[in-house]
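Trainee: I'd like a close look at how the helices pack here, and at a few of the loops around them. Could you talk me through it in one go?

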Amino acid sequence: MKTSVVTGGASGIGLELVKLLIEDNYKVFIVDNNSENLKKLEKLLNPKYFVGIKEDMSSLSSPKKIYRKLKDENIEVLINNAGFGDYGKFYKTDWEKEEKMINLHVVNTTHLTKLFLKDMVKKNNGKIMNISSVAAFQPGPLMSLYYATKAYILHFTEAIANEVKDKNICISALCPGQTKTNFQKNVSSKQNKIMFNVSCPVKVARYGYRALKANETISIPGNFNKFLVFLNRLLPRLLVTKIVRYIQEKNRN
Ligand SMILES: NC(=O)c1ccc[n+]([C@@H]2O[C@H](COP(=O)([O-])OP(=O)(O)OC[C@H]3O[C@@H](n4cnc5c(N)ncnc54)[C@H](OP(=O)(O)O)[C@@H]3O)[C@@H](O)[C@H]2O)c1
């Protein structure tokens, strides 16, 4: 059986990606910090096809731990999906939460990718998907670090995808817009109000998985999201930043 790893695979977009991998006959190592959700998977998925690993991927020791555990499993697909958001002015938000976000989205996504990519290059075979966001394409006042870390993921993914383009390795960034998962609940205690253009995790995962298989470096699910990203190229950056601030305020205040 082929093997794969999905971080944050116990719910939302990650879980839908796990299901697609299983449909494709992959055994999936699901790394998540939510033990309750990992437990629920036992009823949801065929135990032959997955192994749940409880690990906090914002801890700096986690990439090496996961790699050591799985290095002999011949991992063919790595999906760096675990992530969360935070809302508020940067001078007021909680540094501990932000440090975890930077470690999870930036440091550990990079480290885990490096560890598994080296083996994929040796074997000249592998696929890596990093979950970015439409947030990656512009600055995001009131969610500054989330937008900035997702921009890092996008640029990093595009660059390394270029470096391996002569090999049998696909590296792809999935950039979803708003998707109905537990994500918004973790952003802020203030509920989000804008419910326009919300996609479902099944569609988002399908779109990204298809793009990974087709070796597309960037995938943006949804025509409206594609249009928003395109608009960034036409409008002055200062105006775009003002618009994002306006939307963020309307969404949470
Ligand atoms: N939903 C959206 O609107 C949206 C839009 C664009 C991009 N994205 C991106 O999509 C990815 C998946 O998010 P989602 O929407 O599917 O949210 P989700 O339903 O909250 O799923 C994220 C999963 O990752 C886990 N996780 C969070 N921090 C972790 C850590 N430090 N170590 C291990 N696992 C961790 C979560 O566990 P807990 O339950 O304990 O938090 C959860 O199981 C994220 O990278 C997110 O930034 C989401």
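**Helix packing and its surroundings**

Mentor: Let's start in a loop. Asn 46 has a relative accessibility of 39%, so it counts as partly exposed. Keep in mind that this is a predicted model. You'll find Asn 46 in the stretch that links α2 (35-44) to β3 (50-54). It makes a handy reference point for the helices: the C-alpha atoms of Asn 46 and Thr 110 lie 30 Å apart in space, with the two positions 64 residues apart in sequence. Thr 110 is one of the α4 residues that meet α5, and we'll get to that contact in a moment.

While we're at α2, look at Glu 36, which belongs to that helix. Its relative accessibility is 60%, so Glu 36 is classed as exposed. From Glu 36 to Ser 61 is 25 residues along the chain, and their C-alpha atoms are 22 Å apart.

Now for α3, which spans residues 62-70 and packs on α4 at about 25 degrees, with 9 Å between the two axes. Anything under 35 degrees counts as roughly parallel, so α3 and α4 fall into that class. Their crossing is right-handed. On the α3 side, the contact is made by Ser 62, Pro 63, Lys 64, Ile 66, Tyr 67 and Leu 70, and on the α4 side by Asn 108, His 111, Leu 112, Leu 115, Phe 116 and Asp 119. Sorted by class, those residues come out as seven nonpolar, three polar and two charged.

Stay with α4, because it also has α5 as a partner: α4 covers residues 95-123, α5 covers 144-163, and they pack at about 10 degrees with their axes 9 Å apart. That angle makes α4 and α5 roughly parallel. The crossing of α4 and α5 is right-handed. From α4, the residues involved are Glu 98, Met 101, Ile 102, His 105, Val 106, Thr 110, Thr 113 and Leu 117. They meet Leu 145, Tyr 146, Thr 149, Lys 150, Tyr 152, Ile 153, Phe 156 and Ile 160 of α5. By class, the α4 contact with α5 has 10 nonpolar, four polar and two charged residues.

If you want to see α4 with both partners on screen, colour His 111 and Leu 112 among the residues facing α3, and Thr 110 and Thr 113 among those facing α5.

Next, a pair with another geometry class. Helix α1 (residues 12-23) packs on α7 (residues 201-213) at about 55 degrees, and their axes are 8 Å apart. These two helices are therefore oblique to each other. Their crossing is right-handed. The α1 residues in the contact are Gly 12, Ile 13, Glu 16, Leu 17, Leu 20 and Leu 21, and they meet Pro 201, Val 202, Val 204, Ala 205, Arg 206 and Tyr 209 of α7. By class, that's nine nonpolar residues, one polar and two charged.

Just past these two helices there's a backbone detail worth checking. Asn 25 sits in the loop between α1 and β2 (26-32). Its phi is near 75 degrees, which is a positive value in a residue that isn't glycine. With a relative accessible area of 39%, Asn 25 is partly exposed. Then there's Asn 215, in the loop that runs from α7 to β7 (218-219). Asn 215 has a positive phi too, near 55 degrees, and again the residue is not a glycine. Its relative accessibility is 42%, so Asn 215 counts as partly exposed.

To put all this in the setting of the whole chain: there are nine helices and seven strands. The C-alpha atoms fill a box of roughly 50 × 40 × 30 Å along the principal axes. A compact globule of 253 residues would have a radius of gyration near 18 Å, and this chain has 18 Å, so the two agree. Of those 253 residues, 51% count as buried. As for contacts with a separation of 6 or more, 68% of them join residues 24 or more positions apart.

Notes:
Residues numbered from 1 in each chain as written. Predicted model: local features only at pLDDT ≥ 70, side-chain atom pairs only at ≥ 80, totals over all residues. Heavy atoms only, no water. Axes fitted to C-alpha atoms, helices over the stretch in contact; angles between N-to-C directions. Helix = DSSP H or I, 4+ residues; strand = E, 2+ residues; numbered from the N terminus. Parallel < 35°, antiparallel > 145°, perpendicular 65-115°, else oblique. Left-handed = near helix turned anticlockwise from the far one by under 90°. Contact = heavy atoms within 4.5 Å. Nonpolar A, V, L, I, M, F, W, Y, C, P; charged D, E, K, R; others polar. Rg over C-alpha atoms; globule rule 2.2 N^0.38 Å. Buried < 20%, exposed > 50% of the residue type's maximum accessible area, 1.4 Å probe, protein only.
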